[in-house]
Amino acid sequence: MLDKERIVAVEWEGSEPATRPVRIAVYIERDRPGLLAEITAAISSCHGNITKADITVTDDRKGINHFVVEVEDLKQLQAILQAIREVKDVFNVERVRGL
């Protein structure tokens, strides 16, 4: 039997999808003006949110960029990685396990 006095009304706040931080490494073959903007635009085009960036360019104009990006799921992460791979002068992109 159901005790109506013990029923409590509840509401779930589920309007915002849950995101998780993912660290990615972007390897640059040749640094050039506007390259960072193109990489961040690729991430933004897939609705990724950059929460941290560490940009390193060597004396020979190569570089490695580490980003922490908030993503909703694996599909979104894969889309971000593919979009970055399509940027000219990027020669490798990979997920880095752990933060």
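Start with the whole chain: residues 24 or more positions apart account for 72% of its contacts with a separation of 6 or more. Keep in mind that this is a predicted model.

Stay on the full chain. It has 99 residues, and 29% of them count as buried. The accessible surface comes to about 7400 Å², with 50% of that belonging to carbon and sulfur atoms.

Now switch to cartoon view. You should find 2 helices and 4 strands. Trace them from the N terminus: the order is β-α-β-β-α-β.

Select the strands next. The 4 strands form an open, antiparallel sheet, ordered S2-S3-S1-S4. Go to the edges, where S2 and strand S4 (90-96) stand. Each has a single partner strand, so one side of each is left without a neighbour in the sheet. Neighbouring strands are turned by 20° against each other on average, direction ignored.

Zoom in on one pair. S2 and strand S3 (residues 63-71) pair in the antiparallel sense over 8 bridges. Pick Ala 53 and look across: Phe 67 in S3 stands opposite.

Add helix H1, residues 35-45. H1 lies across strand S1 (20-28), S2, S3 and S4. Against S3, the helix runs at about 25°.

Last stop: the surface. Select Leu 36, Ile 55 and Val 57. Together these form a nonpolar patch with about 210 Å² of accessible area. Click on Ile 55, which is found in strand S2 (residues 49-57). Why does Ile 55 count as partly exposed? Its relative accessible area is 37%, and partly exposed covers the range between under 20% (buried) and over 50% (exposed).

How values were computed. Residues are numbered from 1 along each chain as its sequence is written. This is a predicted model: local features need pLDDT of at least 70, side-chain atom pairs count only at pLDDT 80 or more; totals for chains, interfaces and linings use all residues. Side-chain values use heavy atoms; hydrogens and water are left out. Buried means under 20% relative accessible area, exposed over 50%, partly exposed in between (1.4 Å probe, protein chains only). Contact means heavy atoms within 4.5 Å. Accessible areas come from the Shrake-Rupley method with a 1.4 Å probe; for residues, only the protein chains shown count as cover. Patches are made of residues with over 30% relative accessible area and no salt bridge: like charges are joined within 9 Å, nonpolar side chains (Val, Leu, Ile, Met, Phe, Trp, Tyr) within 5 Å. A salt bridge is a side-chain nitrogen of Lys or Arg within 4 Å of a carboxyl oxygen of Asp or Glu. Two strands pair if DSSP finds at least two bridges between them. Axes are lines fitted to C-alpha atoms, for helices over the stretch in contact, and angles run from 0 to 180 degrees between N-to-C directions.
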